[in-house]
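Here are my notes on this one, as promised. Have the viewer open while you go through them.

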Amino acid sequence: LPIRAGSSLEPEEHSMEPSAVPEEEEMPLTAASGPAGCQLFGYVGIEAVLDQMKIKTMKTGFEFNIMVVGQSGLGKSTMVNTLFKSKVSRKASQPGQEERIPKTVQVQSITHVIEEKGVKMKLTVTDTPGFGDQINNENCWDPIIKYINEQYERYLREEVLITRKRKIPDTRVHGCVYFVPPTGHWLRPLDLEFMQRLSKIVNVVPVIAKADTLTLEERAEFKQRIQEDLKTHAISVYPQEDFDQDPDDRLLNDRIREKIPFAVVGADQEHQVNGKRVLGRKTKWGIIEVENPAHCEFPLLRDLLIRSHLQDLKDITHNVHYESYRVRRLNESNRP
(Lines give C-alpha, C1' and ligand atoms only; values in the text may rest on other atoms or scores of the structure.)
Protein backbone atom coordinates (compact mmCIF):
# COMPACT_ATOMS: atom_id res chain seq x y z
CA LEU A 1 0.00 0.00 0.00
CA PRO A 2 1.19 3.61 -0.52
CA ILE A 3 2.71 5.16 2.60
CA ARG A 4 1.99 8.85 3.16
CA ALA A 5 4.44 11.30 4.67
CA GLY A 6 3.72 12.04 8.31
CA SER A 7 1.90 8.79 9.04
CA SER A 8 2.39 7.17 12.44
CA LEU A 9 1.83 3.73 13.94
CA GLU A 10 -0.76 5.05 16.44
CA PRO A 11 -4.40 4.12 15.70
CA GLU A 12 -6.59 6.97 14.56
CA GLU A 13 -10.25 7.44 13.79
CA HIS A 14 -11.27 6.95 10.16
CA SER A 15 -14.33 8.36 8.51
CA MET A 16 -16.14 7.35 5.32
CA GLU A 17 -15.18 10.65 3.69
CA PRO A 18 -12.31 10.68 1.16
CA SER A 19 -8.88 11.52 2.49
CA ALA A 20 -7.86 15.16 2.45
CA VAL A 21 -4.34 14.31 1.31
CA PRO A 22 -4.06 14.93 -2.46
CA GLU A 23 -2.90 12.11 -4.77
CA GLU A 24 0.32 13.96 -5.63
CA GLU A 25 1.57 13.53 -2.07
CA GLU A 26 1.30 9.72 -2.15
CA MET A 27 4.76 8.19 -2.31
CA PRO A 28 4.73 4.48 -3.18
CA LEU A 29 7.72 2.48 -1.97
CA THR A 30 9.96 2.00 -5.00
CA ALA A 31 13.66 1.70 -5.71
CA ALA A 32 13.91 5.43 -6.30
CA SER A 33 11.93 6.80 -3.38
CA GLY A 34 10.58 5.79 0.02
CA PRO A 35 8.42 7.25 2.78
CA ALA A 36 9.59 10.60 4.15
CA GLY A 37 12.78 10.69 2.08
CA CYS A 38 13.88 7.09 2.87
CA GLN A 39 15.91 5.90 -0.12
CA LEU A 40 17.85 2.76 -0.98
CA PHE A 41 21.46 2.94 0.16
CA GLY A 42 22.88 1.43 -3.01
CA TYR A 43 22.86 -1.44 -5.48
CA VAL A 44 20.41 -4.27 -4.67
CA GLY A 45 20.99 -6.59 -7.64
CA ILE A 46 17.47 -7.15 -8.93
CA GLU A 47 18.65 -7.63 -12.50
CA ALA A 48 20.69 -10.65 -11.37
CA VAL A 49 17.52 -12.68 -11.95
CA LEU A 50 18.41 -12.59 -15.66
CA ASP A 51 21.69 -14.36 -14.92
CA GLN A 52 19.81 -16.91 -12.79
CA MET A 53 17.41 -17.65 -15.66
CA LYS A 54 20.32 -17.99 -18.10
CA ILE A 55 22.18 -20.43 -15.82
CA LYS A 56 19.03 -22.50 -15.26
CA THR A 57 18.29 -22.66 -19.00
CA MET A 58 21.85 -23.71 -19.77
CA LYS A 59 21.60 -26.52 -17.22
CA THR A 60 18.16 -27.85 -18.19
CA GLY A 61 18.14 -26.92 -21.89
CA PHE A 62 14.94 -26.31 -23.82
CA GLU A 63 12.78 -27.95 -26.45
CA PHE A 64 11.90 -26.80 -29.95
CA ASN A 65 9.74 -28.73 -32.42
CA ILE A 66 9.51 -27.83 -36.08
CA MET A 67 7.49 -29.36 -38.93
CA VAL A 68 8.04 -29.05 -42.68
CA VAL A 69 5.13 -29.46 -45.14
CA GLY A 70 4.97 -29.32 -48.92
CA GLN A 71 4.88 -31.40 -52.06
CA SER A 72 7.66 -33.84 -52.97
CA GLY A 73 10.95 -32.57 -54.36
CA LEU A 74 10.94 -29.08 -52.82
CA GLY A 75 13.89 -29.77 -50.51
CA LYS A 76 12.12 -29.90 -47.14
CA SER A 77 14.62 -32.27 -45.51
CA THR A 78 17.58 -30.40 -47.00
CA MET A 79 16.23 -27.07 -45.73
CA VAL A 80 16.06 -28.34 -42.14
CA ASN A 81 19.62 -29.63 -42.39
CA THR A 82 20.65 -26.19 -43.69
CA LEU A 83 18.86 -24.39 -40.84
CA PHE A 84 20.76 -26.22 -38.13
CA LYS A 85 23.98 -26.84 -40.11
CA SER A 86 23.87 -30.56 -39.41
CA LYS A 87 22.11 -33.71 -40.58
CA VAL A 88 19.23 -33.22 -38.14
CA SER A 89 16.50 -34.19 -40.58
CA ARG A 90 17.78 -37.30 -42.32
CA LYS A 91 21.04 -38.45 -43.79
CA ALA A 92 21.60 -39.89 -47.23
CA SER A 93 20.74 -43.57 -47.56
CA GLN A 94 24.41 -44.35 -48.36
CA PRO A 95 27.59 -42.46 -47.41
CA GLY A 96 28.97 -40.01 -49.91
CA GLN A 97 28.47 -36.32 -50.61
CA GLU A 98 26.63 -36.80 -53.87
CA GLU A 99 24.11 -39.26 -52.40
CA ARG A 100 20.63 -37.83 -52.25
CA ILE A 101 18.35 -37.89 -49.20
CA PRO A 102 15.72 -40.65 -49.63
CA LYS A 103 12.13 -39.68 -50.29
CA THR A 104 9.88 -39.21 -47.26
CA VAL A 105 7.01 -41.70 -47.34
CA GLN A 106 5.32 -41.15 -43.95
CA VAL A 107 5.07 -38.61 -41.13
CA GLN A 108 8.17 -39.16 -39.03
CA SER A 109 9.80 -37.28 -36.18
CA ILE A 110 13.51 -37.31 -35.42
CA THR A 111 14.87 -35.87 -32.18
CA HIS A 112 18.42 -34.61 -31.64
CA VAL A 113 20.13 -32.74 -28.83
CA ILE A 114 22.11 -29.83 -30.28
CA GLU A 115 24.59 -27.91 -28.14
CA GLU A 116 26.11 -24.54 -28.93
CA LYS A 117 28.21 -22.49 -26.48
CA GLY A 118 26.91 -24.48 -23.53
CA VAL A 119 23.22 -24.14 -24.44
CA LYS A 120 21.43 -27.42 -25.14
CA MET A 121 18.40 -27.63 -27.39
CA LYS A 122 16.30 -30.75 -27.80
CA LEU A 123 15.25 -30.36 -31.41
CA THR A 124 12.46 -32.46 -32.93
CA VAL A 125 12.04 -32.31 -36.71
CA THR A 126 8.80 -33.67 -38.13
CA ASP A 127 9.17 -34.48 -41.81
CA THR A 128 5.97 -35.09 -43.78
CA PRO A 129 5.43 -37.04 -47.00
CA GLY A 130 4.84 -35.17 -50.23
CA PHE A 131 1.65 -33.17 -49.76
CA GLY A 132 -0.80 -33.12 -52.67
CA ASP A 133 1.15 -35.57 -54.87
CA GLN A 134 -1.81 -37.85 -55.59
CA ILE A 135 -4.38 -37.53 -58.37
CA ASN A 136 -7.19 -37.32 -55.82
CA ASN A 137 -6.03 -35.01 -53.00
CA GLU A 138 -9.31 -34.92 -51.07
CA ASN A 139 -8.63 -34.62 -47.32
CA CYS A 140 -4.90 -35.20 -47.89
CA TRP A 141 -4.16 -32.82 -44.99
CA ASP A 142 -5.81 -35.14 -42.45
CA PRO A 143 -2.63 -37.07 -41.40
CA ILE A 144 -0.73 -33.83 -40.75
CA ILE A 145 -3.54 -32.13 -38.78
CA LYS A 146 -4.13 -35.38 -36.88
CA TYR A 147 -0.45 -35.50 -35.88
CA ILE A 148 -0.49 -31.90 -34.59
CA ASN A 149 -3.65 -32.51 -32.55
CA GLU A 150 -2.23 -35.75 -31.15
CA GLN A 151 0.68 -33.81 -29.67
CA TYR A 152 -1.75 -31.37 -28.02
CA GLU A 153 -3.73 -34.33 -26.67
CA ARG A 154 -0.61 -35.96 -25.28
CA TYR A 155 0.36 -32.76 -23.44
CA LEU A 156 -3.20 -32.30 -22.14
CA ARG A 157 -3.32 -35.82 -20.71
CA GLU A 158 -0.13 -35.19 -18.76
CA GLU A 159 -1.38 -31.81 -17.59
CA VAL A 160 -4.71 -33.02 -16.13
CA LEU A 161 -3.15 -35.86 -14.09
CA ILE A 162 -3.50 -35.54 -10.32
CA THR A 163 0.19 -36.32 -9.85
CA ARG A 164 1.93 -34.41 -12.61
CA LYS A 165 5.52 -34.46 -13.74
CA ARG A 166 7.58 -31.49 -12.70
CA LYS A 167 8.34 -30.86 -16.37
CA ILE A 168 5.87 -32.18 -18.91
CA PRO A 169 7.59 -33.43 -22.10
CA ASP A 170 6.69 -30.97 -24.86
CA THR A 171 6.16 -32.58 -28.26
CA ARG A 172 3.79 -29.88 -29.54
CA VAL A 173 4.66 -28.42 -32.95
CA HIS A 174 5.91 -24.87 -32.37
CA GLY A 175 6.32 -23.90 -36.00
CA CYS A 176 5.32 -25.30 -39.39
CA VAL A 177 7.29 -24.23 -42.46
CA TYR A 178 5.02 -24.54 -45.51
CA PHE A 179 6.87 -24.92 -48.83
CA VAL A 180 5.22 -23.27 -51.83
CA PRO A 181 6.35 -24.58 -55.24
CA PRO A 182 8.14 -21.89 -57.33
CA THR A 183 5.56 -21.70 -60.12
CA GLY A 184 5.61 -17.92 -60.42
CA HIS A 185 1.81 -17.88 -60.67
CA TRP A 186 -0.85 -17.78 -57.92
CA LEU A 187 -1.18 -20.11 -54.97
CA ARG A 188 -2.93 -23.39 -55.80
CA PRO A 189 -6.39 -23.97 -54.27
CA LEU A 190 -4.83 -26.89 -52.43
CA ASP A 191 -2.24 -24.60 -50.80
CA LEU A 192 -4.92 -22.10 -49.77
CA GLU A 193 -7.19 -24.78 -48.33
CA PHE A 194 -4.39 -26.39 -46.39
CA MET A 195 -2.97 -23.15 -44.97
CA GLN A 196 -6.47 -22.05 -43.92
CA ARG A 197 -6.87 -25.23 -41.88
CA LEU A 198 -3.31 -25.31 -40.60
CA SER A 199 -3.08 -21.67 -39.47
CA LYS A 200 -5.90 -22.26 -36.96
CA ILE A 201 -3.93 -24.86 -34.98
CA VAL A 202 -0.23 -24.03 -35.48
CA ASN A 203 2.17 -21.21 -36.42
CA VAL A 204 2.57 -21.34 -40.22
CA VAL A 205 5.58 -19.78 -41.94
CA PRO A 206 5.23 -19.96 -45.76
CA VAL A 207 8.37 -20.02 -47.91
CA ILE A 208 8.99 -20.14 -51.66
CA ALA A 209 11.07 -23.27 -52.16
CA LYS A 210 13.98 -23.51 -54.62
CA ALA A 211 13.80 -19.77 -55.26
CA ASP A 212 16.91 -19.95 -57.47
CA THR A 213 14.65 -21.20 -60.28
CA LEU A 214 13.02 -17.73 -60.46
CA THR A 215 14.53 -14.45 -61.60
CA LEU A 216 14.53 -11.57 -59.12
CA GLU A 217 11.61 -9.91 -60.96
CA GLU A 218 9.61 -13.16 -61.03
CA ARG A 219 10.37 -13.72 -57.37
CA ALA A 220 9.11 -10.26 -56.33
CA GLU A 221 5.95 -10.60 -58.43
CA PHE A 222 5.22 -14.11 -57.12
CA LYS A 223 5.71 -12.93 -53.55
CA GLN A 224 3.27 -10.06 -54.11
CA ARG A 225 0.66 -12.44 -55.52
CA ILE A 226 1.01 -14.79 -52.55
CA GLN A 227 0.57 -11.90 -50.11
CA GLU A 228 -2.61 -10.86 -51.95
CA ASP A 229 -3.91 -14.44 -51.85
CA LEU A 230 -3.30 -14.74 -48.12
CA LYS A 231 -5.03 -11.42 -47.47
CA THR A 232 -8.01 -12.23 -49.72
CA HIS A 233 -8.63 -15.58 -48.02
CA ALA A 234 -7.99 -14.20 -44.49
CA ILE A 235 -5.15 -16.64 -43.81
CA SER A 236 -3.18 -15.51 -40.76
CA VAL A 237 0.42 -16.71 -41.01
CA TYR A 238 3.16 -16.16 -38.44
CA PRO A 239 3.85 -13.55 -37.09
CA GLN A 240 0.12 -12.87 -36.60
CA GLU A 241 -0.93 -9.22 -36.24
CA ASP A 242 -3.36 -10.05 -33.42
CA PHE A 243 -0.56 -11.21 -31.10
CA ASP A 244 1.83 -8.25 -31.33
CA GLN A 245 2.58 -7.28 -27.72
CA ASP A 246 3.64 -3.62 -28.07
CA PRO A 247 4.49 -0.98 -30.72
CA ASP A 248 8.12 -2.17 -30.93
CA ASP A 249 6.99 -5.74 -31.65
CA ARG A 250 4.52 -4.49 -34.23
CA LEU A 251 7.21 -2.45 -35.97
CA LEU A 252 9.57 -5.45 -36.16
CA ASN A 253 6.84 -7.89 -37.20
CA ASP A 254 5.52 -5.51 -39.87
CA ARG A 255 8.96 -5.58 -41.52
CA ILE A 256 8.91 -9.39 -41.40
CA ARG A 257 5.36 -9.57 -42.80
CA GLU A 258 6.45 -7.46 -45.77
CA LYS A 259 9.07 -10.12 -46.64
CA ILE A 260 6.83 -13.19 -46.18
CA PRO A 261 6.88 -15.63 -47.90
CA PHE A 262 10.66 -15.92 -47.75
CA ALA A 263 12.31 -16.96 -51.02
CA VAL A 264 14.74 -19.62 -49.82
CA VAL A 265 17.37 -21.98 -51.20
CA GLY A 266 18.55 -25.00 -49.22
CA ALA A 267 21.93 -26.74 -49.44
CA ASP A 268 23.90 -28.98 -47.11
CA GLN A 269 27.17 -29.04 -49.05
CA GLU A 270 30.05 -26.60 -48.68
CA HIS A 271 31.98 -25.04 -51.58
CA GLN A 272 35.10 -22.90 -51.84
CA VAL A 273 34.34 -19.24 -52.65
CA ASN A 274 37.12 -16.62 -52.49
CA GLY A 275 39.10 -18.75 -50.09
CA LYS A 276 36.14 -19.39 -47.77
CA ARG A 277 33.95 -22.45 -47.25
CA VAL A 278 30.30 -21.52 -47.81
CA LEU A 279 27.03 -23.45 -47.95
CA GLY A 280 25.62 -23.32 -51.44
CA ARG A 281 24.48 -24.90 -54.69
CA LYS A 282 27.01 -25.23 -57.49
CA THR A 283 25.90 -24.46 -61.05
CA LYS A 284 27.69 -23.88 -64.36
CA TRP A 285 27.30 -20.13 -63.87
CA GLY A 286 28.57 -19.93 -60.32
CA ILE A 287 27.65 -20.84 -56.76
CA ILE A 288 24.36 -19.79 -55.13
CA GLU A 289 25.35 -18.94 -51.56
CA VAL A 290 22.60 -19.94 -49.15
CA GLU A 291 23.64 -17.52 -46.39
CA ASN A 292 24.16 -14.54 -48.71
CA PRO A 293 21.14 -12.14 -48.47
CA ALA A 294 21.83 -10.98 -52.03
CA HIS A 295 21.23 -14.54 -53.31
CA CYS A 296 18.23 -15.68 -51.24
CA GLU A 297 16.26 -14.95 -48.06
CA PHE A 298 17.33 -18.02 -46.13
CA PRO A 299 19.09 -15.85 -43.48
CA LEU A 300 15.76 -14.10 -42.78
CA LEU A 301 14.03 -17.45 -42.24
CA ARG A 302 16.80 -18.65 -39.91
CA ASP A 303 16.71 -15.41 -37.91
CA LEU A 304 12.93 -15.66 -37.54
CA LEU A 305 12.85 -19.29 -36.45
CA ILE A 306 15.93 -19.34 -34.23
CA ARG A 307 17.56 -16.02 -33.41
CA SER A 308 14.68 -13.60 -32.83
CA HIS A 309 11.30 -15.39 -32.54
CA LEU A 310 11.97 -18.89 -31.23
CA GLN A 311 10.60 -18.16 -27.75
CA ASP A 312 7.67 -16.25 -29.23
CA LEU A 313 6.78 -19.27 -31.38
CA LYS A 314 6.71 -21.41 -28.24
CA ASP A 315 4.67 -18.85 -26.28
CA ILE A 316 1.99 -18.49 -28.98
CA THR A 317 1.80 -22.28 -29.33
CA HIS A 318 1.18 -22.65 -25.59
CA ASN A 319 -0.99 -19.60 -24.92
CA VAL A 320 -3.08 -19.55 -28.10
CA HIS A 321 -3.14 -22.75 -30.14
CA TYR A 322 -2.83 -25.25 -27.31
CA GLU A 323 -5.16 -23.19 -25.12
CA SER A 324 -7.93 -23.23 -27.75
CA TYR A 325 -7.49 -27.00 -28.13
CA ARG A 326 -7.59 -27.48 -24.34
CA VAL A 327 -10.78 -25.42 -23.97
CA ARG A 328 -12.48 -27.35 -26.78
CA ARG A 329 -11.52 -30.75 -25.36
CA LEU A 330 -12.57 -29.91 -21.81
CA ASN A 331 -15.90 -28.55 -23.06
CA GLU A 332 -16.48 -31.78 -24.95
CA SER A 333 -15.71 -33.91 -21.89
CA ASN A 334 -18.03 -31.83 -19.68
CA ARG A 335 -21.01 -32.19 -21.98
CA PRO A 336 -23.78 -34.49 -20.65
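**Notes on the second largest pocket, the sheet and two helix contacts**

1. Start with who lines the second largest pocket. By class, the lining splits into 7 nonpolar, 7 polar and 11 charged residues. Keep in mind that this is a predicted model.

2. As for size, the second largest pocket holds about 810 Å³ of space. Its lining is made of 25 residues, and T57, G61, F62, Q311 and K314 are the ones nearest the centre. If you want a place to put a grid box, those five names tell you where the middle is.

3. Which elements supply at least two residues each to that lining? They are α1 (48-60), β1 (62-69) and α8 (310-334). The biggest share comes from α1, with 7 residues.

4. Now the sheet. It is open, has 6 strands and runs in the order β2-β3-β1-β4-β5-β6, with mixed pairing. The edges are β2 (108-116) and β6 (262-263); each has a single partner strand, so one side of each has no neighbour in the sheet. Note that β1, one of the pocket-lining elements, sits between β3 and β4 in that order.

5. For one pairing in detail, look at β4 (residues 175-180) and β5 (residues 204-208). These two strands pair in the parallel sense over 5 bridges. To find the register on screen, pick V177, whose bridge partner in β5 is V205.

6. On to the helices: how do α2 and α7 cross? The axes of α2 (residues 76-83) and α7 (residues 298-308) come within 11 Å and cross at roughly 70 degrees. That angle makes α2 roughly perpendicular to α7. On the α2 side the contact uses M79, T82 and L83, and on the α7 side F298, L301, R302, L305 and I306. By class, this contact has 6 nonpolar, 1 polar and 1 charged residues.

7. The other helix pair is α3 (residues 142-159) with α8, packed at an angle of about 75 degrees with axes 10 Å apart. These helices are therefore roughly perpendicular to each other as well. From α3 the contact takes N149, Y152, E153, Y155, L156 and E159, while α8 brings T317, H318, H321, Y322, Y325, R326, R328 and R329. The class split here is 5 nonpolar, 4 polar and 5 charged.

8. One last link between the points: α8 packs against α3, and α8 also supplies at least two residues of the lining of the second largest pocket.

Methods: Residues are numbered from 1 along each chain as its sequence is written. This is a predicted model: local features need pLDDT of at least 70, side-chain atom pairs count only at pLDDT 80 or more; totals for chains, interfaces and linings use all residues. Side-chain values use heavy atoms; hydrogens and water are left out. On a 1 Å grid over the protein atoms alone, a cavity is a set of points where a 1.4 Å probe fits but cannot get out, and a pocket is an open set with protein on both sides within 12 Å along at least five of seven lines; lining residues have an atom within 4 Å of a point. Grid points are joined across faces, edges and corners, and a volume is the space filled by probe spheres set on the points. Helices (H or I, at least four residues) and strands (E, at least two) are DSSP runs, numbered from the N terminus. Ala, Val, Leu, Ile, Met, Phe, Trp, Tyr, Cys and Pro count as nonpolar, Asp, Glu, Lys and Arg as charged, and the others, Gly among them, as polar. Two strands pair if DSSP finds at least two bridges between them. Axes are lines fitted to C-alpha atoms, for helices over the stretch in contact, and angles run from 0 to 180 degrees between N-to-C directions. Angles under 35 degrees count as roughly parallel, over 145 as roughly antiparallel, 65 to 115 as roughly perpendicular and the rest as oblique. Contact means heavy atoms within 4.5 Å.
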